[in-house]
Amino acid sequence: YFTKKPLMVYVGTDTGSVMQKLRAASNKTCEIPFVSSDQTFVEEGKSVTWNLGYDDQDKCLKGWEDMFLDMYLFTRCNSVMAGTYSSFTQSAPLSFMMHKAKQQQLQQQGEGDEQHPHYFCDVGVDGNRMDCASTLIEWLNRTTSMTWGVLNATKQRMKHEIMFPVLEGGGAIAQAFGRAGIKMD
């Protein structure tokens, strides 16, 4: 897969020390380049959020720009690995990974040219496993394409909730999702 484009890992993180740790580990083992956008990181152990309470409008705008740049760059990646449960990675990046995987699946039917697969991966609670899905149904049902690491380690905890408007005969919507293979419990 990496003959046309070399392997590179884009890291979007709220914690600046993560980059130094990943680069150090890579230099000792496989020398895969880890890159990140140039941004101001928040205090160690804190995360960027829309309600951080900036005292300076320019800092607030810069924080938003950094978040949206990370989100855009995630959508340009072949696969996304989400380190913890996050609505940030489960918005545009998840949607784009599933869209790209579906498009690739449709294009490859009947073709022999394999391309890099597209996955959305959730890292387990303790970091000892990673579960990757290539379709939205796999991700929603938590029946993943691949799992790496310790198989009995705790999966990422998440709750998928789909809210339907109250419509006359609204059960038809839930039935349509049921036929698509999505668990509605």
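## Exercises on a predicted model

In this predicted model, the largest nonpolar core has 13 residues, and Val 80, Leu 94, Met 98, Phe 120 and Trp 139 touch the most other members. Two or more residues each come from strand E3 (79-82), H3 and helix H4 (136-141). H3 gives the most, with three residues.

**Exercise 1.** Work out what Phe 120 touches, leaving out residues up to four places away in sequence.

*Solution.* Start with the lower-numbered partners: Val 80, Ala 82, Thr 89, Gln 90, Leu 94, Met 97 and Met 98. Then add Asp 131, Cys 132, Ala 133 and Trp 139.

**Exercise 2.** Find the disulfide and say which way it is handed.

*Solution.* First, look for sulfur pairs within 2.5 Å. The count comes to one disulfide, and it joins Cys 121 to Cys 132, with 2.1 Å from S to S. Next, place the two ends: Cys 121 sits in strand E4 (residues 119-123) and Cys 132 in strand E5 (residues 129-133), so the pair ties together parts 11 residues apart in sequence. Now check the torsion about the S-S bond: it's about 110°, so the disulfide is right-handed. Both cysteines, Cys 121 and Cys 132, are buried.

**Exercise 3.** Decide whether Cys 30 and Cys 77 are buried or partly exposed.

*Solution.* Buried means under 20% relative accessible area. Cys 77 has 17%, so Cys 77 is buried. Cys 30 has 47%, so Cys 30 counts as partly exposed.

**Exercise 4.** Describe the surroundings of Lys 100.

*Solution.* Lys 100 lies in helix H3 (residues 92-108). Lys 100 is buried but has no salt bridge; Asp 70, the nearest side chain of opposite charge, is 15 Å away. Beyond neighbours within four places in sequence, Lys 100 contacts Thr 75, Arg 76, Cys 77, Asn 78 and His 118.

Note on methods:
Residues are numbered from 1 along each chain as its sequence is written. This is a predicted model: local features need pLDDT of at least 70, side-chain atom pairs count only at pLDDT 80 or more; totals for chains, interfaces and linings use all residues. Side-chain values use heavy atoms; hydrogens and water are left out. Helices (H or I, at least four residues) and strands (E, at least two) are DSSP runs, numbered from the N terminus. Buried means under 20% relative accessible area, exposed over 50%, partly exposed in between (1.4 Å probe, protein chains only). Lys and Arg count as positive and Asp and Glu as negative; His and the chain ends are not counted. A salt bridge is a side-chain nitrogen of Lys or Arg within 4 Å of a carboxyl oxygen of Asp or Glu. Contact means heavy atoms within 4.5 Å. A nonpolar core is a set of buried Ala, Val, Leu, Ile, Met, Phe, Trp, Tyr and Cys residues joined through side-chain atoms within 4.5 Å.
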